[in-house]
Amino acid sequence: MLVRHWDGSKEHRRPDDLVVEEPLTIELDDVTVTTTMRTPGHDFELAAGFCFTEGLLGDASVTSIRYCATEPAADTEFNLVTVETDGAPPATPRLGLTTSACGLCGAESIEALRERLSPLPASGPPMSADVLSGVPERVRAFQDLFGTTGGVHAAASFGADGQPTLVREDIGRHNAVDKVVGRMLLDGNLPASGLGLFVSGRASFEMVQKAWAAGFGVLVAVSAPSALAVETAAAAGLRLAGFVRDGQLNFYSPSA
């Protein structure tokens, strides 16, 4: 679209690219489990990742993913995805809308997470602060949508050398993470042993929950963690680094 840009001395019109934000309804075995505001693209990954990180799959495997199982996908504007499994526990519909700003933060207590997730096993020597501090800059090279719009978050998996192995972008931080986890799930690459997870915003409880569920050993965030995120990382045995920028970082979790 055309905007009026003030350059400090005068105003002139110029084109500006805006990120798209649309609702995506996710069904699990024909039960609607959530509607989230997302940036279209990698929708199957998002749906699979959400179901996995929220513990909805249990021990079941995903057998198929498709747009709208009951009518032409175009009729729902490709905003309905159905995930089918070989026997997931009966799904409970989520009430309300998951916004792009925040997912279902705090929906599960640490005690509830402990009931379904075991502490993360040690996986070799920890990645050095020098490696972790360089991750944001390495991921930035793959943030094409952010470079165009300036309006999306990124999530990325990375190896022991700090190099990104998978990068996804979305207007919602939690969606970007679910897209990464969903791709790894569909490729048979979970748990994410020996890998780290990068998020371009803050480290909320939800980000730690998703990293724990996927088996990442370290979570790197550009901004601050919450107190509950630090407590949850300690329960998980997850190494948590925040304010990772300009070659610096803070370690928060006791396991760091």
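## Exercises around Thr53, two sheets and two pockets

Thr53 touches Arg116, Asp178, Val181, Gln209, Lys210 and Ala213, leaving aside residues up to four places away in sequence. Keep in mind that this is a predicted model.

**Exercise 1. Find out which helix holds Thr53, and whether Thr53 is buried or exposed.**

Step 1: Start with the address. Thr53 sits in helix α1, which covers residues 43-53.

Step 2: Check the accessibility. Buried means under 20% relative accessible area. Thr53 has 0% relative accessibility, so Thr53 counts as buried.

Step 3: Now widen the view to the helix. Nine of the 11 residues of α1 are buried, so, going by the under 20% cut-off, α1 is mostly covered. Among the buried ones are Leu46, Phe50 and Cys51, along with Asp43 and Glu45.

Step 4: Step off the end of the helix. Just after α1 comes Gly55, with a positive phi of about 75°.

**Exercise 2. Work out the strand order of the four-stranded sheet, and which helices lie across its strands.**

Step 1: Read off the order. It goes β4-β3-β6-β5, in an open sheet with mixed pairing.

Step 2: Look for the edges. They are β4 (31-38) and β5 (62-67), each pairing on one side only. From one strand to the next, the twist averages 20°.

Step 3: Zoom in on one pair. Strand β3 (residues 22-28) and β4 run antiparallel, joined by seven bridges. Within this pair, Glu22 stands opposite Arg38 of β4.

Step 4: Add the helices. The helix from the first exercise, α1, lies across β3, β4, β5 and β6 (80-85), at about 55° to β3. Helix α6 (residues 173-186) lies across β4 and β5, and runs at about 125° to β4.

**Exercise 3. Do the same for the six-stranded sheet: what is its order, and which are its edge strands?**

Step 1: Trace the order. You should get β8-β7-β9-β10-β11-β12, again an open sheet with mixed pairing.

Step 2: Pick out the edges. β8 (164-170) and β12 (248-251) each pair on one side only. On average, and ignoring direction, neighbouring strands here are turned by 20° against each other.

Step 3: Try a parallel pair. Strands β9 (residues 196-199) and β10 (residues 218-221) pair in the parallel sense over four bridges. To see one bridge, go to Val199 and find its partner in β10, Ala221.

**Exercise 4. Describe the two largest pockets: what are their volumes, and which residues line them?**

Step 1: Take the largest pocket. Its volume is about 720 Å³. The lining has 32 residues, with Leu120, Pro121, Gly215, Phe216 and Gly217 nearest the centre.

Step 2: Sort that lining by class. You get 18 nonpolar, 11 polar and three charged residues.

Step 3: Move to the second largest pocket, with a volume of about 260 Å³. Here 16 residues make the lining, and Pro136, Arg140, Gln143, Phe198 and Val222 lie nearest the centre.

Step 4: Sort this lining too. The second largest pocket has six nonpolar, six polar and four charged lining residues.

Step 5: Ask which elements supply the second lining. Both α4 (135-140) and β11 (239-245) give at least two residues each. The top contributor is α4, with three residues.

How values were computed: Residues are numbered from 1 along each chain as its sequence is written. This is a predicted model: local features need pLDDT of at least 70, side-chain atom pairs count only at pLDDT 80 or more; totals for chains, interfaces and linings use all residues. Side-chain values use heavy atoms; hydrogens and water are left out. Buried means under 20% relative accessible area, exposed over 50%, partly exposed in between (1.4 Å probe, protein chains only). Contact means heavy atoms within 4.5 Å. On a 1 Å grid over the protein atoms alone, a cavity is a set of points where a 1.4 Å probe fits but cannot get out, and a pocket is an open set with protein on both sides within 12 Å along at least five of seven lines; lining residues have an atom within 4 Å of a point. Grid points are joined across faces, edges and corners, and a volume is the space filled by probe spheres set on the points. Ala, Val, Leu, Ile, Met, Phe, Trp, Tyr, Cys and Pro count as nonpolar, Asp, Glu, Lys and Arg as charged, and the others, Gly among them, as polar. Two strands pair if DSSP finds at least two bridges between them. Axes are lines fitted to C-alpha atoms, for helices over the stretch in contact, and angles run from 0 to 180 degrees between N-to-C directions.
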